[in-house]
Amino acid sequence: MKLPVRTFLGLLPIVLIGALAVAVAVALPVPAMAMELAPFKDRLFSYPAVLESRDGGRFIAVDYREMRDINRRDAVPERRVKRRYVDLKPRRQQSEGTLQTAFGPIKYVLVGEIDRARLVTAYVHGRGGNRLQGVNDHSFGGNFNRIKNLMTRNSSVYVTMDGGQLDEAAAGRVRALLAAILARAPRARLVLACASAGGAICHRIAGDDALVGRMAGMALLGSYGSEGMLSSRLRREQVPLFIAHGGSDSVIPVGSMEALYSRFRAEPGYPVRMVRFETGGHGTPIRMTDWRDMINWMLRSGR
């Protein structure tokens, strides 16, 4: 049974019928474009000292210190970053909406203008989160404000969404949302970043032929790996994979992600990077990942 035709922020009307909507909307890959994100507050968000580097810099261990990187950075520790870390101009291009899909409605927040977008960066939260986490300008050291600025200042789009239970139905809703955005932004490539348990969405989308065909890269931030990723379309197409993890993560041990890195690294020429934040906890990669460094590496390394 067909769902009613709905519009999405001026997108062409689409009828979502299971996975067919994704295939129809984004079936054609987009040739790689020469692009580099321009600097934005790099001095404040660049990685601290590198303690270890191997594999030609593909793996680095970064000096992370709670006293410096939380208490001195935040006006209210873990709640509100100091003013100099944020620029609120992207709020002028920020809007909320709901897209009806075959898997149910999905609420999202979109930052930027779709029509001329050169890049789409999507963020999926972890267990217990929602779409608002990824657009909070003041939490996580202002790092979400930075990605909003990086996208809007570089003719690109940033989107966050409700991941719900992070199950197969949630993955279907996320696929439909990304397909709708990419259908309206035919020149854009996709960066998909998943935090913590949100990695379940990344794992499922890693096997999606249509979306992988539009990807510039995938990021796992304090997340986990799966055997399915090792045989996925993502790996076969050698889509850049970025892994960031806290060295003292008590939820997902860092060793499991170092093992995943090594398995991808074993494939000749595979573009994979890992940043380990020494002494960092489960949420550290969300606060400390340098979005500009990560995305520019993906754009340089991609197909």
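Student: Where is Asp55 found?
Tutor: This is a predicted model, in which local features need pLDDT of at least 70, side-chain atom pairs count only at pLDDT 80 or more, and totals for chains, interfaces and linings use all residues. Residues are numbered from 1 along each chain as its sequence is written, and side-chain values use heavy atoms, leaving out hydrogens and water. With helices (H or I, at least four residues) and strands (E, at least two) taken as DSSP runs numbered from the N terminus, Asp55 sits in the loop between β1 and β2.

Student: What is the relative accessible area of Asp55?
Tutor: Buried means under 20% relative accessible area, exposed over 50% and partly exposed in between (1.4 Å probe, protein chains only). Asp55 is not a glycine, yet its phi is positive, at about 55°. As for cover, Asp55 is partly exposed, with a relative accessible area of 29%.

Student: Where is Phe140, and at what relative accessibility?
Tutor: Phe140 also shows up with a positive phi, near 50°, and is a residue other than glycine. You'll find Phe140 in the loop between β7 and α4. Phe140 counts as partly exposed, its relative accessibility being 23%.

Student: OK, zooming out: how many helices and strands are in the chain?
Tutor: The chain has 303 residues, and 56% of them count as buried. Contact here means heavy atoms within 4.5 Å. Take the contacts between residues at least 6 apart in sequence, and 75% of them join residues at least 24 apart. As for elements, the chain holds 12 helices and 12 strands.

Student: What is the order of the strands in the open sheet?
Tutor: Two strands pair if DSSP finds at least two bridges between them. This sheet has 10 strands with mixed pairing, and its twist averages 20° from one strand to the next. Reading across, the order is β1-β2-β12-β11-β10-β9-β7-β8-β6-β5.

Student: Which strands stand at the edges?
Tutor: Look for strands that have a single partner, so one side is left without a neighbour in the sheet. That fits residues 50–54 and residues 94–101. Those edge strands are β1 and β5.

Student: Which residue in β12 stands opposite Val62?
Tutor: Strand β2 (residues 59–63) and strand β12 (residues 272–278) run parallel. They are joined by 5 bridges. Opposite Val62 in β12 stands Phe277.

Student: How many bridges join β5 to β6?
Tutor: β5 and β6 form a hairpin, with 2 residues between them. Along β6, Leu110 is the bridge partner of Ser95, while Ile106 is the bridge partner of Leu99. The two strands run antiparallel, and the number of bridges joining them is 8.

Student: How many of the residues of β6 are buried, and which residue in β8 stands opposite Tyr108?
Tutor: β6 is mostly covered, with 6 of its 8 residues buried. β6 also pairs with β8 in the antiparallel sense, over 4 bridges. Opposite Tyr108 in β8 is Met161.

Student: How far apart are Glu96 and Leu132 in space?
Tutor: Glu96 is in strand β5. Leaving out residues up to four places away in sequence, Glu96 touches Tyr108, Val109, Arg131 and Leu132. Glu96 and Leu132 are 36 residues apart in sequence, and their C-alpha to C-alpha distance is 9.8 Å.

Student: Which strands does helix α12 lie across?
Tutor: Axes are lines fitted to C-alpha atoms, for helices over the stretch in contact, with angles from 0 to 180 degrees between N-to-C directions. Helix α12 covers residues 291–301 and runs at about 140° to β10. The strands it lies across are β7, β9 (189–195), β10 (215–221), β11 (241–246) and β12.

Student: At roughly what angle do the axes of α4 and α12 cross?
Tutor: The contact is made by Asn143, Phe144, Arg146, Ile147, Leu150 and Met151 of α4, together with Trp291, Arg292 and Ile295 of α12. The two axes come within 10 Å. They cross at roughly 45°.
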